2 protein chains.
Amino acid sequence: MKDKFYQYIQDLQDSITSKLEEIDGKAKFQQDIWKRPEGGGGRTRVIENGSVFEKGGVNISGVHGKLPKSMQAYFNVGDVDFFACGLSLVLHPKNPMVPTVHANWRYFEMYDEDGKIIDQWYGGGQDLTPYYLFEEDAKHFHQTCKTACDKHNSEFYSNYKKRCDEYFYNAHRNEGRGVGGLFFDYCKASADMSMEHWYNFVTEVGDSFLDAYVPIVEMRKDLQYTQANRDWQEIRRGRYVEFNLVHDKGTLFGLKTNGRIESILMSLPPHVQWVYDHHPEAGSVEEKLIEVLKNPKDWV
Amino acid sequence: MKDKFYQYIQDLQDSITSKLEEIDGKAKFQQDIWKRPEGGGGRTRVIENGSVFEKGGVNISGVHGKLPKSMQAYFNVGDVDFFACGLSLVLHPKNPMVPTVHANWRYFEMYDEDGKIIDQWYGGGQDLTPYYLFEEDAKHFHQTCKTACDKHNSEFYSNYKKRCDEYFYNAHRNEGRGVGGLFFDYCKASADMSMEHWYNFVTEVGDSFLDAYVPIVEMRKDLQYTQANRDWQEIRRGRYVEFNLVHDKGTLFGLKTNGRIESILMSLPPHVQWVYDHHPEAGSVEEKLIEVLKNPKDWV
């Protein structure tokens, strides 16, 4: 299972990065292969200063060894071995009319002293963070998520859409990070779903990523924008930073367990602003975005 | 004691903001008075887009009521009443040759059911974050801190200088936030130091702030700089954001206990960059700064 999924995310990284380079037309992903001293490593691919993508990363990693102490407490287990692999991506487009996107698909195993699997699960999701809200973009993204989910279970989409809205929430701002998508975790074998079924579901979502995001990029990347639009994008990117550094479990875990810092923090936007007590004008499209972020909508 | 200290920080806010406005010559502090629903409130003063100060805040607050649940656990006490007041300031100058500065002086009381004080202490400090290191600036700042400390106890400077280096440390980057200064906390009455003595010490440090910082601003504010200097400043400001959002106890406490968000996050810089895996050129002045941040020096 772990070899099959690791092969899958390697191939997915290739197909996603080559498609994004094709769209960008100017910048190429820079690749860094890194090793984790305690076991495993990763392949980080970052794009910067493109004509479409101002900054982004599409990273895979596969790490193993003794489960770090902090994770033992978190998972409420003893001194066990583990394996974890996944693909994480974040794309920050230059044009404020193109939304930022984040996706992650991951697999986790823990072993007893004889190397037998004692626990295993999938997790992941994908979510959209617009700076200017085109409702049809949010609908397209969510519809693509729903179509992938519905092939496996008619309740997955509504459950995982709700969990996404709950997870990507800036509690200190009382607003969502974006317009959501899917979030699932601890997907374990049950009477209904074997690990094989979960593999099929997670890879179905992974395969849907380009279908969900690329048409939005194509539609918006050449729209005109002003310096005011750009300032708004940079202010909103500040909220993205706040979520990732204050609330995101994956980021904090990485920072506190000696992960590869540059691979983790590739998620942070290239240019960001903080303006004291900033509020968009009443009735503006910027204010409309905030309203939707405060009151998550059903998009399909 | 609490009324005397609250009066002190009100007066100090006035003297600091008027001096800073005089130096800036262009921008004025914008004042926001706010109330805390559970008791107390504050007076936030923020300056933006000045000729010297790109963004900064000099805020006071005095809050009281039932100690929030999360703080009960933190202080290991039950359901008690509290009073806390303090002045917090952060200044982000426009010119990369002028360092960012942070300072905070605070006082805390907790009461039993009869309103009797069961615990009380002072805390605070001041620290400097240069983007380009002028050693004489770091020496001047530290010498001013030492002079204030030495009037009260010959060991205070070396103790609180060390605690400052330890506290303002970006563990995930293995480097200090800046070149330090002073950090002290839980300054409680003892055989050597009454609360009155602590009041005299803390206000001595507070009174030293303008002497520590203003000469540095005057020396550096008109130095020429390039876009490359400015980019470096914005990248280093990213580390400032990382410290404040990931590690700073005060910020996280505020965010998680329903503090006034805009007053807390005034500390975040106005324009910030994150560049993937950025390293200054070997032998550059930028690299020299990093070396000092990784290996804190004795400045006096």
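The expected span of a helix is 1.5 Å times one less than its number of residues. Keep that handy for the exercises below, which all use a predicted model.

**Exercise 1. Check the length of helix α3 in chain B against its expected span.**

Solution.
- Start with the count: α3(B) runs over residues 135-150, and that gives 16 residues.
- Next, take the reach from the first C-alpha to the last, which is 22 Å.
- Compare: the expected value is 22 Å, and the helix comes close to it.

**Exercise 2. Work out which residues of α3(B) are buried and what covers them.**

Solution.
- Use the cut-off: a residue is buried if 20 or more other C-beta atoms lie within 10 Å of its own.
- Go along the helix. The buried ones are Asp137(B), Ala138(B), His140(B), Phe141(B), His142(B), Thr144(B), Cys145(B), Ala148(B) and Cys149(B).
- Now look at the cover, which includes β6, α4, β9 and α5 of chain B.

**Exercise 3. Describe how α3(B) packs on α5(B).**

Solution.
- Get the geometry: the two axes come within 9 Å and cross at roughly 165°.
- Angles over 145 degrees count as roughly antiparallel, so α3(B) is roughly antiparallel to α5(B).
- Add the hand: the crossing of α3(B) and α5(B) is right-handed.
- Pick out the contact residues. On the α3(B) side they include Phe141(B), Thr144(B) and Cys145(B), and on the α5(B) side you'll find, among them, Ser208(B) and Ala212(B).

**Exercise 4. Switch to chain A and decide whether Cys145(A) is buried or exposed.**

Solution.
- Locate the residue: Cys145(A) is in helix α3 of chain A.
- Count neighbours. Cys145(A) has 29 C-beta neighbours inside 10 Å, so it counts as buried.
- See what Cys145(A) touches, skipping neighbours within four places in sequence: Gln126(A), Tyr157(A), Gly181(A), Leu182(A), Ser208(A) and Ala212(A).

**Exercise 5. Find how chains A and B are related, and which parts of chain A touch chain B.**

Solution.
- Lay chain A on chain B: a turn of 180° with a shift of 0.0 Å along the axis does the job, with an RMSD of 0.0 Å.
- The two copies are therefore related as by a two-fold rotation axis.
- Look for the C-alpha of chain A nearest that axis: it belongs to Val272(A), 2.5 Å away.
- Both copies use the same surface, as 100% of the contact residues of chain A recur in chain B.
- Count the contacts: 22 residues of chain A meet 22 of chain B.
- Finally, sort them by element. β2, α6, α8 and β10 of chain A each supply at least two residues, and α6(A) gives the largest share, four residues.

Terms used. Residues are numbered from 1 along each chain as its sequence is written. Chains are lettered from A and ligands numbered from 1 in the order in which they are written. This is a predicted model: local features need pLDDT of at least 70, side-chain atom pairs count only at pLDDT 80 or more; totals for chains, interfaces and linings use all residues. A residue is buried if 20 or more other C-beta atoms lie within 10 Å of its own, exposed if 12 or fewer, and partly exposed in between; C-beta atoms are placed from the backbone. Two residues are in contact if their C-beta atoms, placed from the backbone, lie within 7 Å. Copies are superposed by least squares on the C-alpha atoms of residues with pLDDT of at least 70 in both. Axes are lines fitted to C-alpha atoms, for helices over the stretch in contact, and angles run from 0 to 180 degrees between N-to-C directions. Angles under 35 degrees count as roughly parallel, over 145 as roughly antiparallel, 65 to 115 as roughly perpendicular and the rest as oblique. A crossing is left-handed if the near helix is turned anticlockwise from the far one by less than a right angle, and right-handed if clockwise.
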